[in-house]
Amino acid sequence: MKQCLAEPESARYGGGLIVNPAFNYGTEGWSPFGGALIQEGISETGNRFVMVENRTNSLDSLSQKVQLEKGNLYSFSAWIQISKGSENESEIVSVMFKTSEGKLIPGGEVVAKQGCWSLLKGGIVANFSSPIEILLECKNTRVDIWADCLSMQPFTPEQWRSHQEESINKVRKSKVRLQLTYANETALDGAMVSIKQTKPGFPFGCGINHKILNSTGYQDWFTSRFRFTSFTNEMKWYSTEKKQGEENYVVADAMVEFAQQNGIFIRGHNILWDDPNMQPAWVKDLPRDELRDATIQRVNSVVSRYAGQLIGWDVVNENLHFRFFEDNLGENASAVFYSMTYSLDPDTILFMNEYNTIEYSTDQDASAVRYRKKLEEILCFPGNENVKAGIGLQGHFGSGQPNIAYMRCELDILGTMGLPIWLTEVDVHKSPDQVKYLEEILREGFSHPAVEGIIIFGGPEVSGFYNMTLAGEDFINTEVGDVVDKLIDEWTSGDVEIAGDSEGFSEVLLFHGDYVATVNHPRTNSSTTVNFTVTKDTTGRSILVRIDA
């Protein structure tokens with residue numbers, strides 16, 4: 001994503017389906033929508049754009065119709081600016097797709113500013129073949145919307161998948177160069193190298209609950225697949241302090257012990273939850289001062305107990321959708337809790353954790369633009385400048401077609417913050433296409449360069465994850481479990497056999513992670529073994545392997 005620019009960049013893909021995307025032919029191909037007026041503008045440098053004026057309704061806009069084909073994915077972009085008239089010198093401008101039945105589908109949004117151009121990105125997956133109308137929306141009707149270099153580019157599913165694979169090869173793999181020599185450092189020619197991945201580099205995990213403590217089958221099923229987890233409820237306040245002043249961490253402690261004994265990394269979920277319905281029953285009606293004392297005690301208790309043992313904390317869960325602590329303790333409540341957590345556990349990543357940011361464009365309260373604004377406010381609070389922050393996106397998808405194009409744009413926007421993004425609770429509601437949709441979502445997450453970890457919420461039948469059951473009572477995979485295992489296998493390098501060249505070098509593209517390589521020389525019948533780790537920084541460096549012969 002680009003910063004606000006003095007002049008817009010060219011339309012992506014030449015505008016794709018858009019007619020006259022850069023307004024080189026005035027307003028040809030464009031129509032006003034609602035009561036708006038549209039007219040051509042020209043900058044001091046001669047750049048042409050369109051101005052949408054006389055707006056009395058949020059949807060008063062420019063308009064153009066394009067044809068969607070069922071099954072295709074569409075990427076939208078436009079450069080947006082607003083005229084003077086906003087008290088904040090910036091406004092949120094959204095793209096809306098209006099169907100032939102009159103339904104409005106949000107496609108993405110941007111914080112547009114006065115005096116410079118910002119890139120609006122969005123998208124839609126077509127589950128119908130029909131024309132749609134492209135509109136721009138701004139709630140503040142006192143401002144004019146300026147637009148330029150619009151684009152609507154179609155992709156077939158095969159083209160989209162190809163881009164994902166290109167991205168995976170670029171961001172999840174590195175080229176490994178082995179330099180094979182004898183002990184006297186002369187080149188070892190004709191050697192065979194067997195490479196085996198022992199540990200994946202990308203954190204791909206699964207949620208667990210207390211039922212794992214009493215089921216060896218569940219334990220074996222989990223530990224054979226995953227090294228990262230979140231507890232569904234066992235660390236939450238309503239689980240550890242059901243009665244005021246009576247803390248009970250027995251179950252949470254046992255689950256932490258199980259994870260540590262099996263080399264499993266834990267995301268701490270969660271310290272506090274901003275939903276008023278998700279508080280311990282005794283908390284809801286506490287007077288302000290008592291609530292403040294109780295929350296301070298809660299943060300001190302759970303964070304001190306597990307400090308240094310977790311890879312992340314969800315500090316205030318779902319604080320875009322809910323405001324329990326803000327309404328009762330003040331607007332900076334979330335920021336204060338981050339500050340407290342940081343002082344107790346400074347080396348652990350502190351996440352916001354939200355739903356619907358990538359799932360549904362219709363829930364604009366949780367859009368990437370608003371997510372970024374909230375997190376920036378938290379990090380700008382005095383004392384939070386050095387907080388190791390992270391972006392948590394839950395990923396609870398329904399039974400309908402996921403909007404993967406929109407998901408990518410939201411990840412792009414949040415990726416500009418330069419913070420680690422995790423998909424933290426991914427699941428898909430049951431439907432005939434559950435397996436297909438889950439695979440699409442996981443591939444999109446894994447292929448995005450800003451995503452640094454994925455946790456799915458599912459498990460064997462004994463776990464009670466009925467929404468996404470991965471194995472039956474006998475721990476034999478369901479079809480959903482099969483696709484998870486397929487991706488785990490696909491995203492590891494497996495066993496690789498390569499030969500060294502005449503100068504003793506061999507190269508191979510490997511997924512990031514830990515490896516063991518065995519080098520055999522067929523003529524001398526000698527061999528050696530070396531362990532190495534592949535990271536994003538491995539490309540361009542050689543790993544020296546010496547063999548005694």
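This section describes a five-stranded sheet, the largest pocket, a loop residue and a buried strand in a predicted model.

In the predicted model, an open sheet of 5 strands is arranged in the order β1-β4-β9-β6-β7, with antiparallel pairing. The edges are occupied by β1 (31-33) and β7 (104-113), each of which has a single partner strand, so that one side of each is left without a neighbour in the sheet. From one strand to the next, the twist averages 35°. Within this sheet, strand β6 (residues 90-98) runs antiparallel to strand β9 (residues 130-138), to which it is joined by 6 bridges; M96 stands opposite L135 of β9. Helix α8 (residues 368-380) packs on the sheet, where it touches β6 and β7, and the direction of the helix makes about 40° with that of β7.

The largest pocket holds about 670 Å³ of space. It is lined by 24 residues, of which V111, K113, V369, R372 and E376 are the closest to its centre. Two or more lining residues come from each of β6, β7, β8 (118-125) and α8, and among these elements α8 gives the most, with 5 residues. The helix that packs on the sheet against β6 and β7 is thus also a contributor to the pocket lining. By class, the lining comprises 10 nonpolar, 5 polar and 9 charged residues.

The loop between β8 and β9 contains F128. This residue has a relative accessibility of 22% and therefore counts as partly exposed, the limit for a buried residue being under 20%. When neighbours within four places in sequence are left aside, F128 is in contact with L68, E69, K70 and T99. Of these contacts, T99 lies 29 residues from F128 along the chain, and the C-alpha atoms of the two residues are separated by 9.8 Å.

Elsewhere in the chain, strand β20 (residues 421-428) is mostly covered, with 8 of its 8 residues buried. Strand β18 (residues 389-393) pairs with β20 in the parallel sense over 3 bridges, and W422 of β20 is the bridge partner of G392. Strand β19 (residues 396-397) likewise runs parallel to β20, the two being joined by 2 bridges; here the bridge partner of F397 is V428 of β20. The parallel pairing of β20 with β18 and with β19 may be set beside the antiparallel pairing described above for the open sheet of 5 strands.

Technical notes: Residues numbered from 1 in each chain as written. Predicted model: local features only at pLDDT ≥ 70, side-chain atom pairs only at ≥ 80, totals over all residues. Heavy atoms only, no water. Pairing = 2+ DSSP bridges. Helix = DSSP H or I, 4+ residues; strand = E, 2+ residues; numbered from the N terminus. Axes fitted to C-alpha atoms, helices over the stretch in contact; angles between N-to-C directions. Contact = heavy atoms within 4.5 Å. 1 Å grid on protein atoms, 1.4 Å probe; cavity = no way out; pocket = protein on both sides within 12 Å on 5 of 7 lines; lining within 4 Å. Points joined across faces, edges and corners; volume = space filled by probe spheres on them. Nonpolar A, V, L, I, M, F, W, Y, C, P; charged D, E, K, R; others polar. Buried < 20%, exposed > 50% of the residue type's maximum accessible area, 1.4 Å probe, protein only.
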